[in-house]
Amino acid sequence: MSLTEISSAACFGGRHLQYSHVSDSNHCTMRFAIYLPPGASNDKKVPVLYWLSGLTCTDENFMQKAGALGIAAKLGLAIVAPDTSPRGDDVADADSYDLGKGAGFYLNATRMPWAKHYKMYDYVVSELPAFIEANFPVSEQRAISGHSMGGHGALSIALKNADRYSSVSAFSPICNPMSCPWGVKAFSTYLGEDTTTWQDYDSSVLLGRASKHLPMLIDQGESDNFLSEQLKPEAFVSAAEQVNYPYQLRMQKGYDHSYYFIATFIEDHLRFHAEHF
């Protein structure tokens, strides 16, 4: 696969780079951003954190708003931020922010027309890491994190692929998508009405199937307006305690769903991941 550079900028002694490439998983051109810390080279490969963003976002939101790159530079870790869905004129879409482009939900769609392009699970788990490790000075040490829909993606992917990651964290994740409006809408559209197939992407269900425990940190704002209807951390807590899965959930008083919340606590998350590499 060939890379097309979109942008390059020096940042905290390292470089922020943006590329596009043709994705075999999604059958379209995908875009991602990567931050390489100072000193990263083929002689000094660095671990990498994969960041999954939320609804309506692209690869740019986290890199520009989270305030993470200076911390990543100090810790010597790379950050990769993929887009949140396939893109292109022939890619199926919907007239709502929570479905279609910008709302890939990090799953493999099985219903047409979505199944042709919406294979974000395969892209994040397999295709993108292989591509990154072949083309950039990063090691096979990986961690994964995300926000909201991306928090759902990070948790569900890590729980199903514990051998691929050193640790997992999330901000305001959709913890029980099978029982919230965002998740029901996406899962029924992308996967169909058979709810047994939805379980493969619901973190509160996947906790009971996990064969290995990963270090896990979750931050949730107490003033998040999506907390009770969409995010449902109580379902995750109940499921984790039933199977004795260790986790750290921090309820942060006064914080909402925004990048102000993420920027406040992102250093904690990056240091958490660095400790487990």
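## Exercises on a predicted model

Strand β4 (residues 46-52) and β5 run parallel, joined by three bridges. This is a predicted model, so let's work through it piece by piece, starting with that strand.

**Exercise 1. Find the neighbours of β5 and work out how covered the strand is.**

Solution.
- Step 1: On the β4 side, pick out Val-48, which stands opposite Ala-78 in β5.
- Step 2: Now look for strand β3 (residues 28-36), which pairs with β5 in the antiparallel sense over four bridges. Here Ala-33 stands opposite Ala-81.
- Step 3: Check the cover. β5 spans residues 78-82, and five of its five residues are buried.
- Step 4: Sort them by face. Ala-78, Val-80 and Pro-82 are on one side, Ile-79 and Ala-81 are on the other, and both faces are covered.

**Exercise 2. Classify the ring pair of Trp-114 and Tyr-118.**

Solution.
- Step 1: Searching the whole structure turns up 19 aromatic pairs.
- Step 2: For Trp-114 and Tyr-118, the ring centres are 5.4 Å apart and the planes meet at 75°. Planes over 60 degrees apart count as edge-to-face, so that's what this pair is.
- Step 3: Both Trp-114 and Tyr-118 are buried.

**Exercise 3. Which parts of the chain does the pair of Phe-171 and Phe-261 link?**

Solution.
- Step 1: Take the geometry. The two rings are 5.6 Å centre to centre with 85° between the planes, an edge-to-face pair.
- Step 2: Place the residues. Phe-171 is in strand β7 (residues 168-171) and Phe-261 in helix α9 (residues 259-276), so the pair links distant parts of the chain, 90 residues apart.
- Step 3: Check burial, for which the limit is under 20% relative accessible area. Phe-171 has 0% relative accessibility, so it counts as buried. Phe-261 is also at 0%, so it counts as buried too.
- Step 4: Widen the view. Ring pairs link these two with Trp-51, Phe-62, Tyr-255 and Phe-265 into a cluster.

**Exercise 4. Describe the surroundings of Asp-219.**

Solution.
- Step 1: Asp-219 sits in strand β8 (residues 216-221), and at 0% relative accessibility it counts as buried.
- Step 2: Its side chain makes a polar contact with the side chain of Gln-252, at 2.9 Å.
- Step 3: List some residues that Asp-219 touches: among them are Phe-171, Phe-261, Phe-265, Arg-250 and His-269.

**Exercise 5. Which rings does Lys-160 lie over?**

Solution.
- Step 1: Try Tyr-121: the charged end of Lys-160 sits over its ring, 4.6 Å from the centre.
- Step 2: Try Tyr-201: Lys-160 lies over its face, at 4.5 Å from the ring centre.

How values were computed
Residues numbered from 1 in each chain as written. Predicted model: local features only at pLDDT ≥ 70, side-chain atom pairs only at ≥ 80, totals over all residues. Heavy atoms only, no water. Phe/Tyr/Trp six-rings, centres within 6.5 Å; stacked < 30°, edge-to-face > 60°. Buried < 20%, exposed > 50% of the residue type's maximum accessible area, 1.4 Å probe, protein only. Helix = DSSP H or I, 4+ residues; strand = E, 2+ residues; numbered from the N terminus. Lys NZ or Arg CZ within 6 Å of the ring centre and 35° of its normal. Polar contact = N/O pair within 3.5 Å; in protein donor to acceptor, adjacent residues only side chain to side chain. Contact = heavy atoms within 4.5 Å. Pairing = 2+ DSSP bridges. Lists of a residue's contacts leave out its neighbours within four places in sequence.
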